[in-house]
There are 2 protein chains.
Amino acid sequence: MQIKDIGEAGLLQRIFPFCLEGTVGDDGAILQMPPDRSLVVTTDVLVDKVHFSDRTTSPADIGWRAAAANLSDLAAMGATPLGITVGLSLPETTEVAWVEELYGGLRDCLSQYQTGIIGGDLCRSNTITVAITALGAVDPAQAIRRDRAQAGGAIVATGDHGKSRGGLELLLNPDSGKSLSEVDRQTLILAHQRPLPRLDVLPILRELRSPWIAGMDSSDGLLDAISQICRASGVGAIVENLPIAPALSRLRADPQDWVLTGGEDFELVLCLPMDIARILVDRLGEGAAIVGYTTADRSLIWRRADGDIDLERGYRSFQHF
Amino acid sequence: MQIKDIGEAGLLQRIFPFCLEGTVGDDGAILQMPPDRSLVVTTDVLVDKVHFSDRTTSPADIGWRAAAANLSDLAAMGATPLGITVGLSLPETTEVAWVEELYGGLRDCLSQYQTGIIGGDLCRSNTITVAITALGAVDPAQAIRRDRAQAGGAIVATGDHGKSRGGLELLLNPDSGKSLSEVDRQTLILAHQRPLPRLDVLPILRELRSPWIAGMDSSDGLLDAISQICRASGVGAIVENLPIAPALSRLRADPQDWVLTGGEDFELVLCLPMDIARILVDRLGEGAAIVGYTTADRSLIWRRADGDIDLERGYRSFQHF
């Protein structure tokens with residue numbers, strides 16, 4: 001059954017059950033704001049053949065990843081999610097089941113974080129496009145911005161990087177992972193298909209009450225995040241320690257490029273005082289690490305056993321155009 | 001100069017000046033909420049060749065109309081705008097000037113209503129798609145919903161309907177308006193290219209303190225709005241009076257179908273007690289009218305001099321698929 005067989009009204013009826021009760025059906029959704037909180041808003045657009053492909057991603061996984069990417073942006077601002085809107089454009093020959101699976105994936109990811117779909121729009125297009133806006137609430141005193149890093153602070157990655165890129169490789173070239181165990185394969189593929197936004201980090205940060213903090217998520221890669229924080233804050237960085245997930249080092253002899261620029265791991269990259277960073281990494285476990293520290297000059301250095309590499313010259317992060 | 005000549009970073013630099021200061025450049029925008037207000041969220045997606053066309057609409061007009069459509073949804077909920085996010089996908093061969101004009105149109109419309117662009121996303125696609133989410137704030141006691149109409153109330157249209165459809169006709173078939181004066185032509189074309197969302201109605205409604213109110217905007221046509229309010233509220237309606245803009249009646253001998261189903265006039269259709277409706281129409285002027293009243297049965301009747309027409313059988317409103 002295709003969309004053209006049931007029309008817009010029929011499709012809406014099938015989508016409503018995936019949305020939070022009482023929010024859809026009017027010109028807009030009405031949400032209560034928690035008192036004394038600021039609103040955080042973030043938007044992401046995913047396009048067929050650019051951000052996802054039937055070859056590597058089921059509609060449920062597209063939904064999950066789209067929700068995860070947006071929740072990750074909220075986490076990066078220190079915000080608790082209030083809900084998302086979904087603007088979906090697609091050909092009228094799309095299977096209705098495809099749309100339902102997409103919304104199922106969105107809902108499944110969101111419900112893990114006690115939030116859901118609160119509205120959206122549907123329309124016809126030659127290209128499937130999923131435009132998501134996520135809304136969150138933050139105590140303005142605890143919002144995390146990019147431009148607040150100070151020199152001499154620690155740079156923390158909240159978990160393993162490069163695993164999503166490894167999972168993508170296994171999906172694109174299944175032969176490349178022949179020597180891997182099934183557990184390793186699944187670890188990497190799940191990191192790509194079902195990333196977990198790090199909203200779990202926020203309560204820990206609130207407890208630690210860092211005197212200053214800067215951060216963003218690593219959706220465009222670990223290096224991109226470090227570089228953006230440094231540029232916005234007017235500091236430099238020395239990266240000394242790139243922890244590598246065991247499964248990843250078994251897939252690729254030298255996986256450090258994927259760790260730096262693979263992208264889509266949806267971890268947080270945080271910059272904060274060294275003593276607090278140590279407690280944070282200890283509390284987080286599983287791949288979380290102090291990957292380097294900020295410096296007063298503006299260069300971005302990767303300090304390896306065989307010498308320093310200027311990261312801004314040697315690597316380029318993902319560019320959308 | 002095309003997008004591929006300046007890349008994503010170059011394009012972002014050109015777009016930032018069109019955004020509200022201090023909101024863009026992080027993973028999300030942070031907005032202060034006015035105290036004791038609920039958040040209203042609405043999303044609209046516009047697709048090239050479906051919702052707009054180079055033939056009838058300049059990029060500045062696409063931007064204006066996209067902003068107007070979203071502000072109209074906020075007005076329909078009784079909400080004051082806080083800002084919009086723009087998710088734009090487009091081919092890398094798009095002219096940079098096209099993108100700047102689009103953002104100029106968005107900003108020009110928004111600034112008329114003391115609001116602006118607070119964030120967004122850019123990405124590559126074969127099809128130009130503009131996904132907008134608008135945010136607003138409403139006193140929860142004064143939110144306007146569709147499902148609150150009572151029988152025996154008046155149905156008010158806040159201004160002329162059908163003018164946008166008339167303007168579109170003049171753009172598609174310039175010969176059709178040969179007998180019109182230049183003022184008439186411009187009235188209709190402007191109604192299509194530069195619609196004005198009716199946020200100006202909200203302060204009047206707040207003053208009138210209606211004991212009950214239901215409403216939505218008429219983006220999909222006057223008939224669609226009446227029909228949706230009635231269905232959501234479990235009432236019927238008799239439409240008796242379809243005011244027709246003089247310019248429209250000079251373009252088309254029998255323009256009532258355009259008045260009912262033309263769409264994209266972005267007026268408000270409100271249902272409220274008759275005595276308050278009379279004061280409201282008096283205050284609004286310019287095309288505002290009581291177009292009919294609600295009834296206890298569920299039928300939708302157009303009462304004409306030559307007899308009743310069952311509107312749900314005789315007309316179909318705009319369907320997106």
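Questions on a predicted two-chain model

Reader: Why does Asp36(B) count as exposed?

Author: The model is predicted, and the values here are computed from it. Asp36(B) has a relative accessibility of 68%. Exposed means over 50%, so Asp36(B) counts as exposed. This residue lies in the loop between strand E1 (29–31) and strand E2 (38–47) of chain B.

Reader: What makes the phi of Asp36(B) worth a remark?

Author: Its sign. Phi of Asp36(B) is near 60 degrees, a positive value, and the residue is not a glycine.

Reader: Which value makes Lys49(A) exposed?

Author: Its relative accessibility of 69%. Set against the cut-off of over 50%, that value means Lys49(A) counts as exposed. Lys49(A) also has a positive phi, about 75 degrees, although it is not a glycine. Its place is in the loop between strand E2 (38–47) and helix H2 (59–77) of chain A.

Reader: How do you know that the span of helix H5 of chain B agrees with what is expected?

Author: Helix H5 (residues 182–193) of chain B has twelve residues. The expected span is 1.5 Å times one less than the number of residues, which gives 16 Å for this helix. The end C-alpha atoms of H5(B) are 16 Å apart, so the two values agree.

Reader: Which residues of H5(B) are called buried, and what do they pack against?

Author: Buried means under 20% relative accessible area. In H5(B), that applies to Asp184(B), Arg185(B), Leu188(B), Ile189(B), Ala191(B), His192(B) and Gln193(B). The buried residues of this helix pack against helix H2 (59–76), helix H4 (163–172) and helix H8 (246–251) of chain B.

Reader: How do you know that the two copies are related as by a two-fold rotation axis?

Author: A turn of 180 degrees with a shift of 0.0 Å along the axis lays chain B on chain A, with an RMSD of 0.0 Å. The copies are thus related as by a two-fold rotation axis.

Reader: Why is it said that the copies meet through the same surface?

Author: Because 100% of the interface residues of chain B are also interface residues in chain A.

Reader: What lines the largest cavity?

Author: The search of the whole structure finds three cavities of 30 Å³ or more, and the largest holds about 40 Å³ of space. Its lining consists of Thr43(A), Ala131(A), Ile132(A), Thr133(A), Thr43(B), Ala131(B), Ile132(B) and Thr133(B). Strand E5 (129–138) of chain A and strand E5 (129–138) of chain B are the elements that give two or more residues to this lining.

Reader: How many of those lining residues are nonpolar, polar and charged?

Author: Four are nonpolar, four are polar and none is charged.

Methods:
Residues numbered from 1 in each chain as written. Chains lettered and ligands numbered in written order. Predicted model: local features only at pLDDT ≥ 70, side-chain atom pairs only at ≥ 80, totals over all residues. Heavy atoms only, no water. Helix = DSSP H or I, 4+ residues; strand = E, 2+ residues; numbered from the N terminus. Buried < 20%, exposed > 50% of the residue type's maximum accessible area, 1.4 Å probe, protein only. Contact = heavy atoms within 4.5 Å. 1 Å grid on protein atoms, 1.4 Å probe; cavity = no way out; pocket = protein on both sides within 12 Å on 5 of 7 lines; lining within 4 Å. Points joined across faces, edges and corners; volume = space filled by probe spheres on them. Nonpolar A, V, L, I, M, F, W, Y, C, P; charged D, E, K, R; others polar. Least-squares fit on C-alpha atoms with pLDDT ≥ 70 in both.
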